[in-house]
Amino acid sequence: MGTSREAGRGVVAAVAALAAMGAVAAAGLLLLDADRIGAFGGLTAAVVALAAGGSAEFGAVPASDLPFALRGGVAVVPSGVSLAGAVVLGWLLLRRRDGLLVRGAAAAAAFPVGLAAVAWSARGAVALPRGASGGGSGAAVCGVPAVGPSGRGGSVDALRAGFAVPVWPAVAGAVCWVLAVVGVCLLVARFRVAERCRPAVRGGWWTAIAVTVGCLVVAWASAGPAAAGAVLLVLPLVVSGALSLGLGVPWTVTSDGALSCVLGEVGPPAPGGPLTWVAVAGLLGLGVVAARSRGRDGTPLRRAARLALWLAAVMGPVLCASALVSRVSVDLGIGAFGFSLPLLAARVAADPLVALALGAAGGAAAGFSGSLLVDGSLRVTSVSWPAWTDRDGR
């Protein structure tokens with residue numbers, strides 16, 4: 001009876017995670033004004049499927065009798081949606097220590113089933129934004145005059161685009177996603193991280209909330225609700241990208257196809273620069289918070305070494321995982337008269353192995369420095385406080 005109850009709680013946790021992902025995806029799309037182009041429910045389901053590791057396919061055909069079709073695919077992880085689901089799932093699984101393995105197994109079985117239903121419903125047709133009719137020879141793309149609905153004699157409002165999410169690749173991504181979340185929960189419970197590092201966990205929660213709210217407010221005030229919607233969907237991706245670039249992780253941008261010249265002038269983001277100071281400040285703050293939550297046993301150097309090893313073991317895999325999920329790929333092609341012409345295949349990715357090494361090194365340095373800073377501040381406080389009380393005689 002107890003096992004079935006825990007299994008039910010695991011299923012509820014998986015459903016709640018999907019609901020949280022759907023809520024964040026819908027809120028982001030509403031801020032982006034995506035409800036005006038149609039198929040809002042399908043778009044929301046597509047964003048949830050992408051957040052769990054799926055990919056989306058799309059196609060567009062002109063309303064006229066021109067015999068060609070535009071087809072493509074995109075793979076990108078809306079990390080804000082992914083993080084919302086992971087937080088809800090992890091919180092519900094870790095509410096009780098007993099039965100965690102049963103709850104995790106039930107959630108790992110239920111989540112891909114729910115995601116399969118979401119991916120199956122992630123389909124529909126949207127109306128592209130209206131555009132001005134082309135005149136003369138049309139706009140040139142890569143030196144080639146535009147023709148057809150966006151060039152001579154046509155307008156882009158003649159296009160409607162359909163989209164869909166392949167179910168089985170999305171289910172495979174969901175299996176990897178939920179197993180990763182359950183694995184982290186098992187590690188947290190095994191090493192009792194939430195109990196031993198309660199101040200660090202609490203500080204991390206409040207820091208994450210403050211950063212999210214601050215970024216949303218700044219984006220809304222500076223560029224309107226659409227920018228806030230974009231921040232809501234991809235904020236963790238931006239933060240991890242800035243951290244990896246600050247630590248020196250290289251990124252690559254590759255493109256191929258007839259329109260590869262569109263990205264010819266776009267080079268990969270340069271690592272280092274001002275982002276280095278952002279990464280140093282963030283990691284040092286993390287090291288200080290972690291140092292204030294650990295025990296006082298051992299010498300200062302031994303405590304610093306232990307914290308350095310702990311943060312290295314955490315930051316290395318975290319930055320490696322963020323590099324893996326930060327990959328973006330876009331494929332675009334055109335089909336006519338039974339032939340298919342690839343137009344653009346673009347890829348943006350960070351090196352995960354370098355991210356693993358530099359993340360571990362940065363975590364070790366942050367842990368060692370943060371521990372020494374905390375020990376030094378405590379020593380200064382313990383020395384100056386008695387002297388102050390003696391002078392005043394109290």
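Colleague: How much area does the protein expose, and what share of it do carbon and sulfur atoms supply?

Modeller: The exposed area comes to about 20900 Å², and 71% of that is supplied by carbon and sulfur atoms. Keep in mind that this is a predicted model.

Colleague: Noted, thanks. What percentage of the residues are buried?

Modeller: Buried residues account for 35% of the 394 residues in the protein.

Colleague: And how many helices and strands are there?

Modeller: The protein has eleven helices and nine strands.

Colleague: What about contacts across the sequence: what percentage join residues at least 24 apart?

Modeller: If you take contacts between residues at least 6 apart in sequence, 76% of them join residues at least 24 apart.

Colleague: Let's get into helix packing. At what angle do α2 and α4 pack?

Modeller: Helix α2, residues 40-51, packs against helix α4, residues 100-121, at about 135°, and the two axes are 8 Å apart. That angle makes α2 oblique to α4.

Colleague: Why oblique and not roughly antiparallel?

Modeller: Because roughly antiparallel is kept for angles over 145 degrees, and this pair sits at about 135°.

Colleague: Is that crossing left-handed or right-handed?

Modeller: α2 and α4 cross in a left-handed way. On the α2 side the contact is made by Gly42, Ala45, Val48 and Ala49, and α4 brings Leu115, Val118, Ala119 and Ser121.

Colleague: I was also looking at Thr44. Which helix is Thr44 in, by the way?

Modeller: Thr44 is in helix α2. Its relative accessible area is 11%, so Thr44 counts as buried.

Colleague: What does Thr44 contact, leaving aside neighbours within four places in sequence?

Modeller: Thr44 is in contact with Gly22, Ala25, Ala26 and Leu29, once those neighbours within four places are set aside.

Colleague: Staying around there, where is Asp33 found?

Modeller: Asp33 is in the loop between α1, which covers 2-31, and α2. Asp33 has a relative accessibility of 36% and so counts as partly exposed.

Colleague: What is phi of Asp33 near?

Modeller: Phi of Asp33 is near 65°, which is a positive value in a residue other than glycine. For background, most residues other than glycine have a negative phi.

Colleague: Good to know. On to α9 and α10: how far apart are their axes?

Modeller: The axes of α9, residues 275-293, and α10 are 11 Å apart, and the helices pack at about 125°. These two helices are therefore oblique to each other.

Colleague: And is the crossing left-handed or right-handed?

Modeller: α9 passes α10 in a right-handed crossing.

Colleague: Which residues meet there?

Modeller: From α9 you have Leu283, Leu286, Gly287, Ala290 and Ala291, and they meet Leu307, Trp310, Leu311 and Met315 in α10.

Colleague: Now a couple of serines. Is Ser371 buried or exposed?

Modeller: Ser371 is buried, because its relative accessible area is 0%. Ser371 belongs to helix α11, residues 352-392.

Colleague: What does Ser371 touch?

Modeller: Not counting residues up to four places away in sequence, Ser371 touches Ala291, Arg294, Pro300, Arg303, Ala304 and Leu307. Two of those names came up a moment ago: Ala291 is in α9 and Leu307 is in α10.

Colleague: And where is Ser322?

Modeller: Ser322 is in helix α10, residues 300-325. With 13% relative accessibility, Ser322 counts as buried.

Colleague: Which backbone oxygen lies 2.7 Å from a polar atom of the Ser322 side chain?

Modeller: The backbone oxygen of Leu319 lies 2.7 Å from that side-chain atom of Ser322. Also, Ser322 and Pro236 are 86 residues apart in sequence, with their C-alpha atoms 8.9 Å apart in space.

Terms used:
Residues numbered from 1 in each chain as written. Predicted model: local features only at pLDDT ≥ 70, side-chain atom pairs only at ≥ 80, totals over all residues. Heavy atoms only, no water. Helix = DSSP H or I, 4+ residues; strand = E, 2+ residues; numbered from the N terminus. Buried < 20%, exposed > 50% of the residue type's maximum accessible area, 1.4 Å probe, protein only. Contact = heavy atoms within 4.5 Å. Areas by Shrake-Rupley, 256 points an atom, 1.4 Å probe, with all protein chains shown as cover. Polar contact = N/O pair within 3.5 Å; in protein donor to acceptor, adjacent residues only side chain to side chain. Axes fitted to C-alpha atoms, helices over the stretch in contact; angles between N-to-C directions. Parallel < 35°, antiparallel > 145°, perpendicular 65-115°, else oblique. Left-handed = near helix turned anticlockwise from the far one by under 90°.
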